Amino acid sequence: MKIQIINGPNLNLLGKREPGIYGQQSFEDYLKTLRAQYPDVQIDYYQSNIEGELINKMQEVGFDYDGIVLNAGAYTHTSIALQDCIRSLKSPVIEVHISNVHQREEFRHKSMISCACKGVICGFGMNSYRLAVEALKA
Ligand code: DQA
């Protein structure tokens with residue numbers, strides 16, 4: 001099984017960025033734990049701060065991989081281009097967020113991509129990614 005994790009803008013700063021909200025761990029560290037938990041799953045990782053690069057990566061893997069776990073960061077709340085891209089793909093996309101966006105500012109309550117995704121997981125810290133992998137496996 002092949003799963004692609006894609007992180008959007010500012011998620012390269014996990015561990016340094018607002019640790020009270022996003023925690024102390026870098027994504028690279030978390031990824032080691034996640035891969036160890038699923039030795040039978042190929043888990044690839046890509047991060048970009050650039051909207052078009054996220055779209056390029058999704059188009060590259062989205063007809064071949066068994067699923068995409070997408071944390072689009074702030075593009076979640078703005079990007080119709082990402083929504084159109086998700087709709088175009090064959091692979092299911094799970095939207096994830098580390099924080100519970102519904103407990104935060106109102107502008108984070110609206111997602112432009114949820115309607116195109118298979119499901120949404122948010123608010124479980126880094127564990128949100130593992131829950132998304134579980135969902136794809138199931
Ligand atoms: C986030 C929530 C978004 O609102 C925010 O812009 C992010 C991170 C999360 O994982 O909680 O960059 O997607």
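Contact here means that heavy atoms lie within 4.5 Å. By that criterion, in this predicted model, residues 24 or more positions apart account for 77% of the contacts in the protein chain that have a separation of 6 or more.

The protein chain holds 5 helices and 5 strands, and from the N terminus on these elements follow the order β-α-α-β-α-β-α-β-β-α. The radius of gyration is 14 Å, close to the 14 Å that the globule rule gives for 138 residues, so the protein chain is as compact as a globular protein of that length.

Some values for the whole protein chain are set out below.

| Property of the protein chain | Value |
|---|---|
| Span of the C-alpha trace along its principal axes | about 35 × 35 × 25 Å |
| Buried share of the 138 residues | 48% |
| Exposed area | about 6,800 Å² |
| Part of the exposed area supplied by carbon and sulfur atoms | 49% |

As for charge, the protein chain carries 14 positive and 15 negative side chains, and the centres of these two sets lie 2 Å apart.

At the level of single residues, Asn-7 belongs to strand β1, which covers residues 2–7. Is Asn-7 buried or exposed? Asn-7 has a relative accessible area of 0%, and because buried means under 20%, Asn-7 counts as buried. The side chain of Asn-7 is joined to that of Tyr-45 by a polar contact of 3.2 Å. Leaving aside neighbours within four places in sequence, the residues in contact with Asn-7 include Leu-14, Phe-27, Tyr-45, Leu-54, Asn-71 and Tyr-129, and among them are also Tyr-46, Gln-47 and Ser-48.

Methods. Residues are numbered from 1 along each chain as its sequence is written. This is a predicted model: local features need pLDDT of at least 70, side-chain atom pairs count only at pLDDT 80 or more; totals for chains, interfaces and linings use all residues. Side-chain values use heavy atoms; hydrogens and water are left out. Helices (H or I, at least four residues) and strands (E, at least two) are DSSP runs, numbered from the N terminus. The radius of gyration is taken over C-alpha atoms; the globule rule is 2.2 Å times the number of residues to the power 0.38. Buried means under 20% relative accessible area, exposed over 50%, partly exposed in between (1.4 Å probe, protein chains only). Accessible areas come from the Shrake-Rupley method with a 1.4 Å probe; for residues, only the protein chains shown count as cover. Lys and Arg count as positive and Asp and Glu as negative; His and the chain ends are not counted. The place of a charge is taken as NZ of Lys, CZ of Arg, CG of Asp or CD of Glu. A polar contact is a pair of N or O atoms within 3.5 Å; within protein, one must be able to donate a hydrogen and the other to accept it, and residues adjacent in sequence count only if both atoms are side-chain atoms.
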